[in-house]
Amino acid sequence: MKFQGSDQYVATADLMLAVNAAATLQRPLLIKGEPGTGKTMLAEEVATALGRPLLQWHIKSTTKAQQGLYEYDAVSRLRDSQLAGIEGSERVRNIENYIVKGVLWQAFEADEPVVLLIDEIDKADIEFPNDLLREIDRMEFYVYETRQLIKAKHRPLVFITSNNEKELPDAFLRRCFFHYIKFPDAETMQQIVNVHFPTLKKDLLAAALKNFYDVRNLPGLKKKPSTSELIDWLKLLLAEDVPVDALQSKDEKVSIPPLVGALLKNEQDLTLFEKLVFMQRNNR
């Protein structure tokens, strides 16, 4: 089965091609792009479209690669050994009772192919990707405590997302198929908005998109507004019943849109935008 997009996710032709290429090569698909461009949602929609279960591993700065495989709960075993009577001693002797399976182990032992999402891999330390090289490449790992070799029954379709906070090792990159999600142009953005707001009036949408791209294209912004922030802003405009006139400038110059706090998230960017509007009004 090939991924051809879905009713809930607007996928460009090159993105669909990347998903299907990764599936054909049986390589993880490494997705990069600005925050809010739908990297995480892509894995969710592919799983739904292909009818596969989705397993998610959201990475934090403290996450270790071993946690994705398994963890041995030695503390619980020690506690149980101290508290166990004759009936509980059998449980303590069986070390498998204290092995906690990670997301990769669950994906490997699944009875059907799954979609596996490793989300924001660049949040972890630099050794994290290298520590997963063998497991992702060979689809197997060894459990030393139980002397088991765990092999994948089916190779999962792996999605790895990155916000480019850290460079990933070359050895890891060689094992992936790479795709960068470009920020949507106005036409693609209109399709995305239509998915979320199918009854939105065309004049309001056109005015909102103009304001959004005016804000986004301002040079020097510390944080440019993303797709998800546009969706939030449109929700507010509809909730507050903001008229289209409030989004339109008679002289076609950039103006401060209502509820701009949904788009600009720090004081430096807001001040920069206000200065631009002030300068335009004074023809400087």
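**Two helices and two cores**

Hi everyone, let's start with a helix pair: the axes of H10 (residues 186–196) and H11 (residues 202–216) come within 11 Å and cross at roughly 125°. This is a predicted model, where local features need pLDDT of at least 70, side-chain atom pairs count only at pLDDT 80 or more, and totals for chains, interfaces and linings use all residues. Residues are numbered from 1 along each chain as its sequence is written, and side-chain values use heavy atoms, without hydrogens and water.

Helices here are DSSP runs of H or I with at least four residues, strands are E runs of at least two, and both are numbered from the N terminus. Axes are lines fitted to C-alpha atoms, for helices over the stretch in contact, with angles from 0 to 180 degrees between N-to-C directions.

H10 and H11 are therefore oblique to each other (under 35 degrees is roughly parallel, over 145 roughly antiparallel, 65 to 115 roughly perpendicular, the rest oblique). Who makes the contact (heavy atoms within 4.5 Å)? From H10 come Ala 186, Met 189, Gln 190, Val 193 and Asn 194, and from H11 Leu 205, Leu 209, Phe 212 and Tyr 213.

Now the largest nonpolar core, meaning buried Ala, Val, Leu, Ile, Met, Phe, Trp, Tyr and Cys joined through side-chain atoms within 4.5 Å; buried is under 20% relative accessible area, exposed over 50%, partly exposed in between, with a 1.4 Å probe and protein chains only. Of its 32 residues, those touching the most other members are Trp 57, Leu 116, Ile 118, Phe 128, Phe 141, Ile 160 and Phe 172. Helix H6 gives the most to this core, five residues. Apart from that core lies another, of 23 residues, including Tyr 213 and Leu 234.

Technical notes. Contact means heavy atoms within 4.5 Å.
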